[in-house]
Amino acid sequence: MKVGCFAIVDPFQLIEHQLERIRDMGFRYADVTDNHSGGLLGREFGFASTVSLDDNPLDIKHMFDRYGLTITSFCAHANLLDPSSPARYATNEIMKAVRQAAAMGVKHVITTEGDPKSAWGHNLNHPQKVFIVAEKLYEPLRLAGDLGVSILLEPHGELTDSIEGLQAIIDMLGAPPHLGVNLDTGNSWLGGADPVEMARVFKDKIMHVHWKDLPADWGAKRGTMYGCGFGPIALGEGVIDIAGVYDVLKDAPLLEYSTLEVGGEDNMRKSYAYLKSLGAE
């Protein structure tokens with residue numbers, strides 16, 4: 001299993017700065033982490049590490065190439081539970097991400113349902129939540145199949161943080177071969193699942209992993225917080241059975257790349273070394 005880095009290492013810096021830092025830490029793989037439709041003031045004035053979904057996709061690929069980095073995945077984490085709005089990152093942005101990934105030769109677009117922000121989204125019952133998430137993913141998934149891209153569902157919400165909820169979305173969408181899972185070790189644990197058990201259940205559909213470990217004092221948030229951006233400690237120093245997850249997935253048939261989502265350069269270096277000690281590349 002190959003280990004890469006998410007492309008937000010230092011705050012308030014452009015994407016090229018992030019890629020240079022990733023290369024200098026010894027990584028050869030990275031994802032497209034943050035992105036937006038249209039233009040963005042923060043990028044134009046040098047303090048946002050994001051690419052545009054309307055960029056020439058080969059400009060993005062060539063930028064990664066200049067730093068010797070292979071793009072492993074394209075992140076398109078969305079809000080799929082609130083009502084559709086041009087102001088929300090949802091179906092339209094996921095479809096743009098699929099087109100960008102296909103043009104760059106990247107096989108995986110990672111998304112999730114996220115947390116609802118509206119009263120309407122919070123008042124949905126469980127079957128309604130499954131339906132609305134599946135409905136918003138139907139067209140992106142159809143496009144992905146035609147373009148040779150797989151959409152991967154990540155645990156990062158009330159539904160996807162559970163084995164039952166994740167399976168319900170997959171079933172509602174008909175379980176096509178180009179619908180997979182991106183296992184996030186930290187998010188799944190934080191949402192109340194057992195990451196090792198989730199790895200076992202979805203082993204044949206897991207195509208990417210986001211590695212996080214979390215400290216013991218985060219146990220108070222467990223089952224009430226659905227996802228976090230990165231782990232604040234190095235892998236192997238917290239309560240998550242990273243070695244157990246790795247042991248399950250080391251021979252997963254569709255898994256080649258994984259990504260560290262760990263805060264702090266020292267923690268990232270320790271985490272990379274820890275995964276290498278388990279057999280990762």
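Is phenylalanine 12 buried or exposed? Let's start there. Phenylalanine 12 is exposed, because its relative accessible area is 64% and the cut-off for exposed is over 50%. You'll find this residue in the loop between strand 1, residues 2-5, and helix 1, residues 15-24. There's also something to look at in its backbone: phi of phenylalanine 12 is near 60°, a positive value, and the residue isn't a glycine. Oh, and before I go on, please keep in mind that this is a predicted model.

Stay in that loop for a moment. Alanine 7 also sits between strand 1 and helix 1, but alanine 7 counts as buried, at 0% relative accessibility. So what is alanine 7 in contact with, leaving aside its neighbours within four places in sequence? The list is Ile15, Gln18, Leu19, Ile22, Asp31, Thr33 and Ser49. Take the last of those, serine 49: it is 42 residues away from alanine 7 in sequence, yet the two C-alpha atoms are 7.8 Å apart in space.

Okay, on to the strands. Let's walk across them, beginning with strand 2, residues 29-32. Strand 2 runs parallel to strand 5, and 3 bridges join them. If you want a pair to click on, tyrosine 29 stands opposite threonine 70 in strand 5. Strand 5 itself, residues 70-75, is mostly covered, with 5 of its 6 residues buried.

Next along is strand 6, which pairs with strand 5 in the parallel sense over 2 bridges. Here you can pick out phenylalanine 74 opposite valine 109, and cysteine 75 has isoleucine 110 as its bridge partner.

And then strand 7, residues 150-153, pairs with strand 6, again in the parallel sense, over 4 bridges. On that side, threonine 111 stands opposite leucine 153.

Now, which way do the residues of strand 6 point? Here's the general idea: in a regular strand the side chains alternate between the two faces of the sheet. In strand 6, residues 108-111, His108 and Ile110 point one way, while Val109 and Thr111 point the other way. And all of them are buried, whichever way they point.

How do you get from strand 5 to strand 6? Look for helix 4, residues 91-104: strand 5, helix 4 and strand 6 make a right-handed β-α-β unit.

Helix 4 also has a packing partner, helix 6, residues 126-147. When two helices pack, we describe them by the angle between their axes and the distance between the axes. For helix 4 and helix 6, the angle is about 10° and the axes are 9 Å apart. That makes the two helices roughly parallel, since angles under 35 degrees get that label. Who meets whom? From helix 4 we have Thr91, Ile94, Met95, Val98, Arg99 and Ala102, and they meet Lys136, Leu137, Glu139, Pro140, Leu143, Ala144 and Leu147 in helix 6. Sorted by class, this contact has 9 nonpolar residues, 1 polar and 3 charged.

Leading into helix 6 there's a loop that comes from helix 5, residues 119-122, and asparagine 125 is in it. Asparagine 125 is partly exposed, with a relative accessible area of 39%. For a sense of scale, its C-alpha atom is separated by 39 Å from that of leucine 275, which is 150 residues away along the chain.

Further along, have a look at alanine 175, in the loop between helix 7, residues 163-172, and strand 8. Its phi is near 50°, another positive value in a residue other than glycine. Alanine 175 counts as partly exposed, at 38% relative accessibility.

Last stop: helix 10, residues 242-249. How many of its 8 residues are buried? It's 6, which leaves the helix mostly covered. The buried ones are Ile242, Gly244, Val245, Tyr246, Val248 and Leu249. And what do they pack against? Quite a list: strand 8 (179-184), helix 8 (185-190), helix 9 (195-201), strand 9 (206-211) and helix 11 (265-278).

That's my tour. Thanks, everyone!

Notes:
Residues numbered from 1 in each chain as written. Predicted model: local features only at pLDDT ≥ 70, side-chain atom pairs only at ≥ 80, totals over all residues. Heavy atoms only, no water. Buried < 20%, exposed > 50% of the residue type's maximum accessible area, 1.4 Å probe, protein only. Pairing = 2+ DSSP bridges. Right-handed = clockwise from strand over helix to strand, strands pointing away. Axes fitted to C-alpha atoms, helices over the stretch in contact; angles between N-to-C directions. Parallel < 35°, antiparallel > 145°, perpendicular 65-115°, else oblique. Contact = heavy atoms within 4.5 Å. Nonpolar A, V, L, I, M, F, W, Y, C, P; charged D, E, K, R; others polar.
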